[in-house]
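Here is a short, friendly tour to read with the structure open beside you. It moves from charged pairs to a helix, a loop and the way the domains meet.

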Amino acid sequence: MPYRNLTDEQMDAVVLDDSMLLSACPGSGKTRTLVSKLYHIIDNSEKLSIGKRKVAAITYTNIAADTIQERLLSYGVESKSLWVGTIHALCLQWIIKPNINMIPRLCGGFVVIDEHEKETKLSELKETYEFRAYDNIDTALNHDYRPKYPAGTREHNLILDYHRYLAENNYIDFDLILNISHRLLQSKPKLCKRLGNLFYHILVDEYQDTSVMQYEILKCIIIQKQTKITLIGDREQAIYTGLGAIVKNKPELESFFELDFPLQERRLTGCFRSSQRIIDHYLKYQDEGYKIDSKSDLINYPSVVHLERSLHKDNLSDYVADIVTQHLAQGIPEKEIAILCPSWFDVINISNNISKLDKGFNIDGVLISPIPKNQDNFWLTLIRLILTKPSINNYIKRRRYANELSEKLNNISYDEEAINPKTILSAVNSISMQFDSEIDEWIEEVIVRFCERLRIELTKNNLFNEEMKSILNATRDRINKYEMNYRASDLEKFFSSSNGVKITTAHSTKGDEYEVVICTGLLGGKIPHWNDIIDCSDAHQDYVARRLLYVISSRAKKHLYLISELGHRTNRGTPYRPTRQL
């Protein structure tokens, strides 16, 4: 049961029925509390008179959404009243798609460009406009659909070219999803009212990372006075302020959402993740000054907290690989070790260098999938389900995929009989596929066979056909663009969970936890980035750096290594210096 072993603080937050601001320190069981609260709401839906309304949990990442859904499934929760996903997924499902005929740019069809495709195009444009590869260019448009940079500047012209590229290819990016949704809500008050009536309760995870546009979209719903709101997070972990996130306190939230009643404030204080030695280290970067006690079995663990400043960058990969090897020899699993870097360029670089060393351990680094992992295409869910082998470990995951696919197919297949998850799993299990083929041919055959099993006539359902063409064309384009030689037999490694040593960026690791954390590139200009240093006040620089160091350090359960390697220089030849907040 989800309530078993909850603390008094956690249970208090679970059963509270009012709108709430829940502050949760690292490792305090935030996700468990959120899942239990969702369970509590659904379990008491009749008492709460939810009826046909929805309870929505908005997460910062798709991975977080998947985790919540799988935990709820493990508790037997498969309610149609519950929706879990990112703000972008919510906008697509509940705002854009049902009203697509009102959006001239999208009514002829569109594809959501993934982050890798976006970064690749931006790299090309940066080179054209003579920017450095690591220069940060914000492609998001203002409320009036104009670039944020002054007209005539290189940045302004680059953004215009980027959005021209999107329009010419019928692409939209994640920022445009928000722009389009907000503009539609602003122009259609009745739509706002419908959404207010639809959602009984909206729970926002990692609320401190919510952007201005995301807040505005939520406000359009909440001010209808029909929807409760719960905001969950930690102001100390606000690491996306440089990317537009706004950190609001309780009075600011109450005023912004025009709440008739004050937010009930609750806090989760104990850390069930880390040793007290690790906690005492990251408390140095805390601003609010509240105490955190370890509630973990590791409370008195003899943790290593090591700051390395004498290592040259040429020896970085060897040094890091030796740390990994040392802890693997102590019995720590590969998947419990993380190597953090300032940027994806650094992730690729150290991944390649450590791979060349051939130290005998597996790496979970950057691997570009030949099939764009665009969450919007429902056939991608079928592909994930096909590639997830039936097993005890995969039981919940496969049920989640089947539920998701069933909902998506039934939403658009009005003339078909209800396609339930059990029928979908039976159809998928009966499909025997040969993997020794080209990827696009394999995808098409999977979809065709699946439709045959469920008696779906592809030729008669235009949207089913268009979605198939979309994922096929996107896959062919990516394979050709990057000259990939993968075949269908290679697909499993792109869609299965890796158990290797994780190599990722410092920002991307938020929400994760590992027994050993090794962070590289702790240098002013990298962490924090130049964009948070140049023309910024000392107070801003200090705030951004401390938030990042707080998040990085609090990922560790047992051991923490913080590395400020020597040898990096700016374009002017000036040596990088260690992050001064260390």
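How accessible is K313, and is K313 buried, partly exposed or exposed? In this predicted model, K313 has a relative accessibility of 32%, so K313 counts as partly exposed.

## K313 and its partner

The side chain of K313 meets that of D314 in a salt bridge, with 3.6 Å from N to O. D314 has a relative accessibility of 55%. Because exposed means over 50%, D314 falls in the exposed class, while K313, at 32%, is partly exposed.

Pairs like this one are worth a look throughout the model, where the rule counts 40 salt bridges. Side chains of opposite charge can pair when their charged atoms come close.

## Two more salt bridges

Let us turn to K557, which pairs with E513 in a salt bridge; their closest N and O atoms are 3.8 Å apart. This pair ties together distant parts of the chain, with the two positions 44 residues apart: K557 sits in strand β14 (residues 556-563), and E513 is in the loop between β12 (501-505) and β13 (514-519). K557 is buried, with a relative accessible area of 15%, whereas E513, at 38% relative accessibility, is partly exposed.

The salt bridge between R546 and D542 has its closest N and O atoms 3.9 Å apart. Why are R546 and D542 separated by about one helical turn? Both belong to helix α20 (residues 538-553), and they are 4 residues apart there, which means a separation of about one helical turn. An α-helix has 3.6 residues a turn, so residues three or four places apart point the same way. R546 is buried at 16% relative accessible area, and D542 is partly exposed at 29%.

Some salt bridges share partners: K30, D205, E206, D209 and K510 are joined in this way into one network.

## A covered helix and an exposed loop residue

Which residues of helix α4 are buried? The list is I87, H88, L90, C91, L92, W94, I95 and I96. Helix α4 spans residues 87-96 and is mostly covered, with 8 of its 10 residues buried.

For a contrasting spot, try S49, found in the loop between α2 (30-43) and β2 (54-59). S49 has a relative accessible area of 57% and is exposed. From S49 to T67 is 18 residues along the chain, and their C-alpha atoms are separated by 27 Å.

## How the domains are arranged

Stepping back, the chain is divided into four parts: domain 1 (8-96 + 188-268), domain 2 (111-169), domain 3 (276-362 + 499-578) and domain 4 (378-494). The C-alpha centres of domain 2 and domain 4 are 33 Å apart.

## Where domain 2 meets domain 4

At this interface, 7 residues of domain 2 are in contact with 4 residues of domain 4. The two domains bury about 450 Å² between them, and 34% of that area is on carbon and sulfur atoms. On the domain 2 side, helix α5 (residues 115-128) gives the largest share, with 4 residues. The residues on that side comprise 2 nonpolar, 2 polar and 3 charged.

How many salt bridges does the rule find across the interface of domain 2 and domain 4? The count is 0. For polar contacts, the rule likewise gives 0 residue pairs across the interface of domain 2 and domain 4, with both residues required to be at pLDDT 80 or more.

Terms used:
Residues numbered from 1 in each chain as written. Predicted model: local features only at pLDDT ≥ 70, side-chain atom pairs only at ≥ 80, totals over all residues. Heavy atoms only, no water. Domains from an automatic or database assignment. Contact = heavy atoms within 4.5 Å. Buried area = accessible area lost by both parts, 1.4 Å probe. Salt bridge = Lys/Arg side-chain N within 4 Å of Asp/Glu carboxyl O. Polar contact = N/O pair within 3.5 Å; in protein donor to acceptor, adjacent residues only side chain to side chain. Nonpolar A, V, L, I, M, F, W, Y, C, P; charged D, E, K, R; others polar. Buried < 20%, exposed > 50% of the residue type's maximum accessible area, 1.4 Å probe, protein only.
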